[in-house]
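Visitor: I am new to this structure and would like a close look at a single part. Could you take me through the cysteines, and show me the setting they sit in?

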Amino acid sequence: MTAFDDHERSQWAGRAAAYRDSFAALCAHPAEALLDAADVKAGDRVLDVGTGTGTVAALACDRGGRVVAVDAEPSMLELTRRRLPDVEVRRATLPRLPFPDGAFDAAVANFVINHVGDPAAAVGELRRVVRPGGRVAVTIWPYPPPPAQQLWATIFDAAGVERPADLPRLTPDRDFARTCDGLSGLLRRAGLSRVRCGTIAWIHRTDPESWWTGPAAGIGSPGLVMQRQDARTLDRIRQHYDRLTSAYRDAGGHLALPAAALLAAAAVG
Ligand SMILES: C[S@@+](CC[C@H](N)C(=O)[O-])C[C@H]1O[C@@H](n2cnc3c(N)ncnc32)[C@H](O)[C@@H]1O
């Protein structure tokens with residue numbers, strides 16, 4: 001485990017409900033495409049790694065998959081167990097998974113590889129637990145970010161908020177470009193074959209309070225910034241939030257935020 005992983009553990013600790021009520025809906029959008037890319041069908045043994053509140057696992061069950069869902073964060077596992085009482089839900093942390101080689105037909109990780117300290121090792125572990133001929137599929141956020149993600153940086157800049165300088169980062173030798181080329185290269189280096197990657201773009205519709213409550217509860221990169229601020233600064237951020245999100249409000253007052261993800265999939269063997 002790296003300092004980056006330790007930091008991730010503390011960032012997610014106890015935050016499952018806040019995630020469910022905010023960013024989980026954003027992350028849910030590419031879930032069906034992820035399962036399609038992993039070729040998940042009835043009867044398949046499917047591993048959902050970093051299951052969070054179980055969105056992808058639930059959809060894989062709907063397809064008739066025999067699903068195992070794992071996550072590093074106990075509060076996520078608790079919510080997933082409640083949501084999917086018939087699914088095997090276990091604590092497991094990339095880059096080590098407690099399964100034998102080739103145990104699954106497919107392994108999927110929806111917005112998880114971007115949360116690990118050694119992405120190549122994590123993808124290599126997904127490959128290890130999938131049988132030859134099976135599939136691995138992952139999503140991450142692209143860089144440069146689409147407006148849904150970029151908006152927070154714009155708000156913090158407008159509010160004059162400094163970004164924390166002491167956050168652990170991936171070491172350069174472990175980092176990769178958050179582009180299709182970068183993600184495809186990561187999968188190839190992990191020994192996967194027939195790698196394909198594409199961008200999924202959509203409009204994320206949410207109400208302004210839900211979009212605020214995630215970062216306000218410490219979720220995601222904007223949450224890291226928010227949790228370091230005093231009450232006066234938070235008030236100022238909120239004022240700029242109300243002003244700058246107004247450009248994305250529809251007639252009903254909901255936000256319509258352009259979002260995008262990179263989806264890459266590949267075969268084992
Ligand atoms: C952005 S959430 C995505 C959750 C879920 N896949 C979804 O689509 O809603 C990232 C999840 O990955 C989990 N996670 C982060 N690092 C992990 C690791 N090294 N091993 C396993 N899970 C991890 C977090 O606890 C969190 O539940």
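**The cysteines up close**

Guide: Happily! Please keep in mind that this is a predicted model. Let us begin with the setting. The protein chain folds into 12 helices and seven strands. Its radius of gyration is 18 Å, which agrees with the value near 18 Å that a compact globule of 269 residues would have. Along the principal axes, the C-alpha atoms fill a box of roughly 55 × 40 × 30 Å. Buried residues make up 55% of the 269 residues. Contacts also reach across the sequence: of those between residues at least 6 apart, 76% join residues at least 24 apart.

Now to the part you asked about. The count of disulfides comes to one, and the partners are C180 and C197, with their sulfur atoms 2.3 Å apart. This pair links distant parts of the chain, 17 residues apart. On one side is C180, in helix α9, which covers residues 180-189; on the other is C197, in strand β6, which covers residues 193-206. If you look along the S-S bond, the angle about it is -75°, and the link of C180 and C197 is left-handed.

How open are these two partners to the outside? C180 has a relative accessibility of 21%, so it counts as partly exposed. C197 has 25% and therefore counts as partly exposed as well. The cut-off for buried is under 20%.

Two other cysteines are worth a visit, C27 and C61. For C27, the closest cysteine sulfur is the one in C197, and because the gap is 17 Å, it is too far for a bond. A disulfide here needs sulfur atoms within 2.5 Å. At 7% relative accessibility, C27 counts as buried. For C61, the closest cysteine sulfur belongs to C27, but it lies 19 Å away, so this pair is too far for a bond. With a relative accessible area of 28%, C61 is partly exposed.

To finish, let us step back to the outside of the chain. Its accessible surface comes to about 11,900 Å², and 51% of that belongs to carbon and sulfur atoms. As for charge, there are 32 positive and 31 negative side chains, and the centres of the two sets lie 3 Å apart. If you return to the model now, a good place to start is the link between C180 in helix α9 and C197 in strand β6, and from there you can look for C27, which is buried, and C61, which is partly exposed.

Definitions and conventions. Residues numbered from 1 in each chain as written. Predicted model: local features only at pLDDT ≥ 70, side-chain atom pairs only at ≥ 80, totals over all residues. Heavy atoms only, no water. Helix = DSSP H or I, 4+ residues; strand = E, 2+ residues; numbered from the N terminus. Rg over C-alpha atoms; globule rule 2.2 N^0.38 Å. Buried < 20%, exposed > 50% of the residue type's maximum accessible area, 1.4 Å probe, protein only. Contact = heavy atoms within 4.5 Å. Areas by Shrake-Rupley, 256 points an atom, 1.4 Å probe, with all protein chains shown as cover. Lys, Arg positive; Asp, Glu negative; His and termini not counted. Charge placed at Lys NZ, Arg CZ, Asp CG, Glu CD.
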